[in-house]
Amino acid sequence: VEGLLAAGPLRGVKALVTSGPTFEPIDPVRFIGNRSSGKQGHAIASALARLGAEVTLVTGPVRLTDPAGVTTVHVETAREMLGACLGRLPVDVAVCAAAVADWTVSNASKEKRKKEAGAPPPAIELAPNPDILATLSESGGARPHLVVGFAAETERVLEHAGAKLERKGCDWIVANDVSPATGTFGGDFNTVHLITRAGTEPWPRASKADVAERLAWRIVDALGGHKGEQE
Ligand code: CTP
Ligand code: CA
């Protein structure tokens, strides 16, 4: 297997993939999370590794085993995910598939919150989290050659996803229809469009593994002569 990996088209390429949800603590026993399963991000990390890339997967809490041939870093919060990602730079390609919590609990308590008879429920105060995709897209001299984001949308998918490409400064957005009818969250299939600076491509509904494989081969094409320039 090692020999096959070493011979792959992404040999010498360093890749960073984020996956899964992040958990933002409310107190030591409670958190705010989301329904991301991590299946798509993990599949992308696997696909890149199978093509020979040196892959680091930074993942929030998921019920998946670490993919073979990938260096997996487990984190909990968005802030930890950002730190782990910045610690891996420089890389040639970054794929941000994590469903990063948009907000952290700014009044998280060190001790478990207790009910008090007759008292109103405690207020949870939120503060914005750092945007990992935008940060990687801006990372100056250490910017990956190719930065790919996802856009999870439930309506006006292409319009919102196109706006994200601009706002975040990444190179591609995989626009992902997560409206409940598609069964995307937690499911094994994905309905995506790839949005690049050159236009928008509808991809056929496919398994998350097949979407990952197709994306990995697109990354092979896009990196062309840039592979391994960090070495
Ligand atoms: N993302 C990130 N860090 C964040 C928020 C999002 O890296 N703090 C990345 C996701 O991994 C994804 C892309 O940004 O690749 C888009 O995430 P999404 O939640 O769809 O977009 P937001 O900009 O957070 O906008 P909103 O949730 O309001 O739609
Ligand atoms: Ca978000």
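1. Let's start with ligand 1 and Ile132. A backbone N or O atom of Ile132 sits 3.0 Å from a nitrogen atom of ligand 1. Pro130 joins in through its backbone too: one of its polar backbone atoms is 2.8 Å from a nitrogen atom of the ligand. Lys164 uses its side chain instead, with a polar atom there lying 2.7 Å from an oxygen atom of ligand 1. On its own, ligand 1 would expose 570 Å², and the protein buries 78% of that. Keep in mind while you look at these distances that this is a predicted model.

2. Who else is around that ligand? There are 15 residues around ligand 1, and those that come nearest are Cys96, Ala98, Leu133, Lys164 and Lys168. Try showing Lys164 on your screen, since this residue is in that nearest group and also makes the side-chain contact with an oxygen atom of the ligand.

3. Next, the calcium ion, which is ligand 2. Which residue supplies its protein donors? Asp102 does, through OD atoms listed twice, lying 2.5 Å from the ion. Asp102 is in the loop that runs between strand E6 (93-96) and strand E7 (103-105).

4. Step along to Trp103, which belongs to strand E7. Trp103 counts as partly exposed because its relative accessibility is 49%, and the exposed class begins over 50%. Setting aside neighbours within four places in sequence, Trp103 is in contact with Glu24, Leu126, Ala127, Pro128 and Asn129. Take Glu24 from that list: Trp103 and Glu24 are 79 residues apart along the chain, yet their C-alpha atoms are 7.9 Å apart in space.

5. Is Glu111 buried or exposed? With a relative accessibility of 61%, Glu111 is exposed. You'll find Glu111 in the loop between E7 and strand E8 (126-128). Leaving out residues up to four places away in sequence, Glu111 touches Asp27 and Pro28. Leu16 is another matter: Glu111 and Leu16 are 95 residues apart in sequence and 35 Å apart from C-alpha to C-alpha.

6. Now a residue from inside the protein. Thr56 is part of strand E4 (residues 54-59). Thr56 is classed as buried because its relative accessible area is 6%, and the cut-off for buried is under 20%. What does Thr56 touch, not counting residues up to four places away in sequence? The list is Ala15, Leu16, Val17, Thr71, Val73 and Arg88.

7. Thr135 makes a nice partner to that point. Thr135 is in helix H4 (residues 132-137) and has a relative accessible area of 26%, so this threonine is partly exposed. Beyond residues up to four places away in sequence, Thr135 touches Leu82 and Leu86. Between Thr135 and Gly169 there are 34 places in sequence, and the C-alpha to C-alpha distance is 9.1 Å.

8. How many aromatic pairs are there? The count is 1. The pair is Phe23 with Phe31, and it is stacked, with 3.8 Å from centre to centre and 10° between the planes. Look at how each ring is covered: Phe23 is buried at 17% relative accessible area, while Phe31 is partly exposed at 42%.

9. Two spots in the backbone are worth checking by eye. One is the peptide bond from Leu89 to Pro90, which is cis, with omega near 0°. Pro90 is in the loop between helix H3 (78-86) and E6. The other is Arg156, where phi is near 40°, a positive value in a residue that isn't glycine. Arg156 is also in a loop, the one between strand E9 (146-153) and helix H5 (157-168).

How values were computed. Residues are numbered from 1 along each chain as its sequence is written. Chains are lettered from A and ligands numbered from 1 in the order in which they are written. This is a predicted model: local features need pLDDT of at least 70, side-chain atom pairs count only at pLDDT 80 or more; totals for chains, interfaces and linings use all residues. Side-chain values use heavy atoms; hydrogens and water are left out. Donors are N, O and S atoms within 2.8 Å of the metal (3.2 Å for Na, K and Ca); water is not among the atoms, so sites may look incomplete. Helices (H or I, at least four residues) and strands (E, at least two) are DSSP runs, numbered from the N terminus. Buried means under 20% relative accessible area, exposed over 50%, partly exposed in between (1.4 Å probe, protein chains only). Contact means heavy atoms within 4.5 Å. A residue is near a molecule or strand if one of its heavy atoms lies within 4 Å of it. A polar contact is a pair of N or O atoms within 3.5 Å; within protein, one must be able to donate a hydrogen and the other to accept it, and residues adjacent in sequence count only if both atoms are side-chain atoms. Accessible areas come from the Shrake-Rupley method with a 1.4 Å probe; for residues, only the protein chains shown count as cover. Rings of Phe, Tyr and Trp (its six-membered ring) pair if their centres lie within 6.5 Å; planes under 30 degrees apart count as stacked, over 60 as edge-to-face and the rest as tilted.
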